[in-house]
Each structure stands twice: as C-alpha cells, then as structure tokens.
Amino acid sequence: MPSLEARSLSYRVGQATLLDRVSLCAVPGEVLAIVGPNGAGKSTLLKLLSGDLVPADGEVLLDGQSLGSFGTRDLALHRAVMPQQTLLQFAFTAFEVVLMGRSPSAGSRRGESERDYEVVRECMGRTDSGPLSGRIYPTLSTGEQQRVTLARVLAQEAPVLLLDEPTASLDIRHQELVMQIARECALAGGTVLAVVHDLNLAAGYAHRLAVLSHGRLVACGTPTEVLTEALLTDVFEHPITVLKHPLRDCPLVLPGAASP
Amino acid sequence: MNPARQQEQSLRVTRIAPGVLFPALAALLLVALLVSANVGAVRISPVQTLAIVARHAGVHLDVAFSRQQDAVLWAIRLPRIVMAGLVGTGLALAGAVLQGVFRNPLAEPGLIGVSSGAALGAVVAIIAGFTVLGPLSLPVAAFAGGTVATFAVYRFARYGGRTEVVTLILAGIALNAISGAATGLVISVANERQLRTVVFWTLGSLSSATWTSVLAILPFIAAGAVLLPRYGRTLNLLVLGEREARHLGVNTERSRTLLIGLAALVTGAAVAVSGIISFVGLVVPHMIRLLAGPDHRTLVPASALAGASLMMFADLFARTVALPLELPLGVVTALVGGPFFLWLLHRTRREHGGWG
C-alpha cells in the first residue's frame, strides 16, 4: 500500500508565497487531517499533492516515486480526489455519476461490468446515498451531492484518498458518517489525507493532524499532541479552550476564554 | 403543479434505451430519405427510387421509371438529400461534442468562431471573384476561413500549455464580432449580383449540391462520425469538470484539443457547402438528451443520426412548401428550431428549475 509524501514543497503566485517548504508524509493505515485558518495554504497543499498544481520547489512522492512519473490514468488507479464541490450542468442520475468513478479501471473502451455496478451500489450504500440513486444529480441539495461525490471517489477503489473538506455541507450525522468512512478506509490499509475545517471532527477521527499557518507547517502529531490551547490560540489568532471530550478519548476544542 | 407532484416528476427518470433509440433513428433516417426523394415537382415513388439507385449501381430491377425521373433523382435530388444528411450529421455531431467539452448546454458550433470565419472566407471569395477551383472555390474559401478562425480562437485561449475554457468562449465571441465586421466591410464594396450571392450563402442553402461537393465534404464528416463517438466516456468525464476528469484518468488537454479540432473540421466542412444553418447543432443534442439522457456514448452517435434526418426534412420543407419558390434553409431551421428551443427552456425551468 502506497504512502504519499510531500518533500519541502513550496508554491508561489507572483510575489506571494502560498506554501513554504512543507514536508509531511501520509502513510497507509492512517487518516492525516490538514487543519489551519482560512488562507493557510491547505487547499494549495492538497492541489500539489493531487498533481493539479506543480510545486515551485520540492516534490511529491507517491509510493516512493515522483508524481510526474505517473501517467494520468495510472495516477487515477493509485489515488482518488474528492473536490469541495462538483457542479454538473447535465441531467445525469446520481448512480451514473458514481459509475463514472469506475472509469479508470474500466479504461476508455469497454462498457461497465456487473462488478462495476456492484461496487457503485456498495459505495452508495456506505455513504447513505443509496436512496438518491435514481435522482437527477443537479437537483440534489449540496449535502446530498457531496455524499454522492464521496461515493464516486470511493468507487474508484484507489489506495490513496485526498479529501478536500469532505464534510463542509453535511449535517452532523453525515459529518460523522463521512469521517467514519475515512477511518475505515485507513483501517483497510488505505492512506487518507483530508482537509478538515472542524477541529473536533479532526480530533475525533484523524490519527494525526498537520497544522498549517501562513503557508508553513507549524505542527504535526496526534490530536492530543497538537490541539493545545497555546498553539491553537496562536495559529487562529483567537482565544481557544481545549477540554477533554467527556465520552471520547480525544481533545474537545471550544472557542473563547471566559464568557464574552 | 403542486410542489409534491413537481418533486415526484423530477424524481422520475424516463429514458429510451439505446437498443430502441438507434433502430428508431435509423428507421427515421430511411423514411426521411425516401420521402425526400419522393416529393418535388417530379414525383418518384420509393420503389422507383430504389430501382434508379440500383440501376446506377449496375443492378437492373424490373420497375418502370422515366428518363426524366432518373435524371431528376440522380443528378439533382439525391446529391442534395445526401448533402443534407451529411451537413445535418456534421452540425449535430459538433454541437453534441462542443456542449460536452464546454460543459455548457448552450454551446453550439458557431461558438468557436468556425461559422463566422467561414462566412468571411466565402464573402471574400465571392467579392474577389475567386474561381480558380471551379465549383469548389467557394467551399474551399469558406473552409479555410472557418479553420483559420478556430485556430486563432484556440491560440488565444492557450497559455503556458493550458487552455482555459472561459477564455476560449470569450475569444470566440470577440472573433465572431471581428469576422462579422470584416464581412460587413467587404460586403459594402460588393455589386448587386455579388450581394445576392452573399445573402443567398449566409441564409444557408443546399440547392447547389452536386456529387462533386458531396464527395468533397464526405471524408471530413465521415472522420467525425467515426472518431467522435469513441470519446463518449471521455466527454462524460469532462462534463463532470476538468479537474474531476483528470483525477479520473483523462488527459484533459489532449482530449479537448482533439475534440475541438475534430468538431471544427466537421463544422467547417458542413458550413463550406451549405452556408450558415443555425440551430441544428444546438437543438439536436437537446432533443436526444430529452429522449435518452445525457450519456455521451449514446448522445453523440444518436445526434449524428437525428441531425441527418432533421436536416433532410428541413430541406424538403424549404424546397417544397412555397413552390416554385425555394425558402432559404437557414431560415427554415431557425424558424422551427428557435420556438422549439424556447419550449425546451420553458420545460427545463418548470421541471428541474433550470440549468443553473
């Protein structure tokens, strides 16, 4: 099972440095969450890791090999990317959209096999989007579209998953469901890297957290190591309190010091 | 309609299976061909049509037909019908493919500058008296104009090895405006006779179709009809989004260049012999989506078939409805296609809340 490694990645647009020598490595069996304030470079890092952007300096290694040495289809067999949102102008059904996730393994010529349909049904079941199967994708709510998109990404059956804010539009039940799926993928030997805005979701489900601030990696470690009042208050420039979660073995992050 | 019923309607997806759609479209094409051959100043029955075609293929059938019927069908009507089929196929194919490539249901072949470029080429040829290539002078000039315009649009949208779709569309709009202005400028120095040729050409017509012009565009349309349907799955993924398509293993830059290039060739060939025929490239793919859904593996080949039939019927209407006068074909397609498209917009708004 392959790992995904960033080696001293930098990315610049004009004079602005969006990412400054970031190194980290996501290994099989773990969920690595990337957290940080708006504009810290989280999405840029994810785009570099997925090959959408080419770094100004440094390199990305997938399974020990440079990302550039993979062909487009080869890459699609190794890693799947879940975008923040997929807009569609044409009336494909949710099922058809998830089926598109099977394209890399199907190649461009042959039609779908019975196994492709099975994988699609299973992935839609896991993401609680089974009942949306026959619905027209553009008529679904944003949250429903997000679950269908996750099903599409899972249907790709790639060992490395890159998720860009996979829970952004979801209700609390589905937020937990999606993070649970990320964890299951990791337990099955996959490598999962997710940009997560909600620190408590990251704390509850990620094995490790990478904290970005102003384009730099400022901390990387287990939730307990990283989610400290001092670090978070500093990074988010806002008073933050960290308690122990009453039911789970992880930190609980709350905004504010005393009552406002 | 109450909201619950509306909801229910949008939940239900009824689609014609490809196994039914393609035989139906093939049958429609055959009907279009035989009816078109039958109707006109000289009547020719379907059986006679077959016999005349068989005779020219060297097979003698025991069916009576006059020498006049033979001449009318073989020298005038049939090349025109085949030409209508080829032009319709080309425009509908290009429309289906470009709507997919641009992820926009409002895209049509004219968007990438090919039609207005071809018009400029044709008008310049008419007014400069370019006749070196005989009857093919005008088509060749139009084709060259269309190709140059598309290439210019594409060059503009390409920067650092990447093509940006929005830039491409905007460059197309700008180039259409420039070609339009240049065409107007050239027309302003035209004489009466040239002016009539220009107007005739820009309104679209197939009345000058001959076997020579059919053979001239056949390779281009055939190449499109054979190659473009192979990109059905690629188009489905491109519609999902450029990044998404790449993440799913599509070499987006290469596919897009190839698809736009082929669409331009096919449109250029069609426009070169027929003049400007609007709405076919826009409307036909929408009709197929309505019947069979948006999957490009069905949509692209089905649009090709439906475009051929539709254009044959449109041309039949244009040449027979006001006998002995002939209506410009582009006017017929726009008169029928425009209202149909408005109805389609209305229906889509009502049932899916629009495209946005």
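Helices are DSSP runs of H or I with at least four residues, and strands are runs of E with at least two, both numbered from the N terminus. The legends below use these element names for a predicted model.

**View 1. Chain A as a whole, with 10 helices and 12 strands.** The C-alpha trace of chain A spans about 55 × 40 × 35 Å along its principal axes. A compact globule of 260 residues would have a radius of gyration near 18 Å, and the 19 Å of chain A agrees with this. Of the 260 residues in chain A, 45% are buried. Among contacts in chain A with a separation of 6 or more, 66% join residues 24 or more positions apart.

**View 2. The open sheet of chain A, with 6 strands in the order β6-β7-β8-β3-β9-β10.** Pairing in this sheet is mixed. Its edge strands are β6 and β10 (216-221) of chain A, each of which pairs on one side only. From one strand to the next the twist averages 15 degrees. Helix α7 (residues 172-187) of chain A packs on the sheet and touches β3, β7 and β8 of chain A. The direction of α7 makes about 155 degrees with that of β8(A). Strand β7 (residues 160-164) of chain A runs parallel to β8(A), and 5 bridges join the two. Within this pair, A:Leu163 stands opposite A:Ala194 of β8(A).

**View 3. Strand β3 (residues 31-35) of chain A and the two strands it pairs with.** Strands of a sheet pair through backbone hydrogen bonds, either parallel or antiparallel. β3(A) is joined by 4 bridges to strand β8 (residues 191-195) of chain A, and the two run parallel. The bridge partner of A:Ile34 in β8(A) is A:Val195. β3(A) also pairs with strand β9 (residues 208-213) of chain A in the parallel sense, again over 4 bridges. Here A:Ala33 stands opposite A:Leu209 of β9(A).

**View 4. The side chains of β3(A), which point two ways.** In a regular strand the side chains alternate between the two faces of the sheet. From β3(A), A:Val31, A:Ala33 and A:Val35 point one way, while A:Leu32 and A:Ile34 point the other way. The residues of both sets are buried. With 5 of its 5 residues buried, β3(A) is therefore largely enclosed by the rest of the structure.

**View 5. Helix α1 (residues 42-50) of chain A and the residue that follows.** Of the 9 residues of α1(A), 8 are buried, so the helix is largely enclosed by the rest of the structure. The buried residues of α1(A) include A:Leu45, A:Leu46, A:Leu48 and A:Leu49. A:Lys42, A:Thr44, A:Lys47 and A:Ser50 of α1(A) are also buried. After α1(A) comes A:Gly51, with a positive phi near 90 degrees.

**View 6. The crossing of helix α3 (residues 46-56) and helix α4 (residues 67-101) of chain B.** Two packed helices are described by the angle between their axes and the distance between the axes. The axes of α3(B) and α4(B) come within 10 Å and cross at roughly 75 degrees. This crossing makes α3(B) roughly perpendicular to α4(B). α3(B) makes the contact through B:Gln48, B:Thr49, B:Ile52 and B:His56. On α4(B), the contact residues are B:Gln69, B:Asp70, B:Leu73 and B:Trp74. By class, the residues of this contact divide into 3 nonpolar, 4 polar and 1 charged.

**View 7. The interface between chain A and chain B.** Here 25 residues of chain A are in contact with 26 residues of chain B. On the side of chain A that touches chain B, two or more residues come from each of α2 (72-78), β6 (79-82), α3 (94-100) and α4 (103-106) of chain A. α2(A) gives the most to this side, with 3 residues. The side of chain A that touches chain B has 12 nonpolar, 9 polar and 4 charged residues.

**View 8. The surroundings of A:Met100 in helix α3 of chain A.** A:Met100 has 22 other C-beta atoms within 10 Å and is buried, because 20 or more such atoms are required for that class. Leaving aside neighbours within four places in sequence, A:Met100 is in contact with A:Arg152 of its own chain. Contacts of A:Met100 in chain B are B:Asn236, B:Leu237, B:Leu240 and B:Leu248. The C-alpha atom of A:Met100 is separated by 40 Å from that of A:Leu247, 147 residues apart along the chain.

Conventions:
Residues are numbered from 1 along each chain as its sequence is written. Chains are lettered from A and ligands numbered from 1 in the order in which they are written. This is a predicted model: local features need pLDDT of at least 70, side-chain atom pairs count only at pLDDT 80 or more; totals for chains, interfaces and linings use all residues. Two residues are in contact if their C-beta atoms, placed from the backbone, lie within 7 Å. Ala, Val, Leu, Ile, Met, Phe, Trp, Tyr, Cys and Pro count as nonpolar, Asp, Glu, Lys and Arg as charged, and the others, Gly among them, as polar. The radius of gyration is taken over C-alpha atoms; the globule rule is 2.2 Å times the number of residues to the power 0.38. A residue is buried if 20 or more other C-beta atoms lie within 10 Å of its own, exposed if 12 or fewer, and partly exposed in between; C-beta atoms are placed from the backbone. Two strands pair if DSSP finds at least two bridges between them. Axes are lines fitted to C-alpha atoms, for helices over the stretch in contact, and angles run from 0 to 180 degrees between N-to-C directions. Angles under 35 degrees count as roughly parallel, over 145 as roughly antiparallel, 65 to 115 as roughly perpendicular and the rest as oblique.
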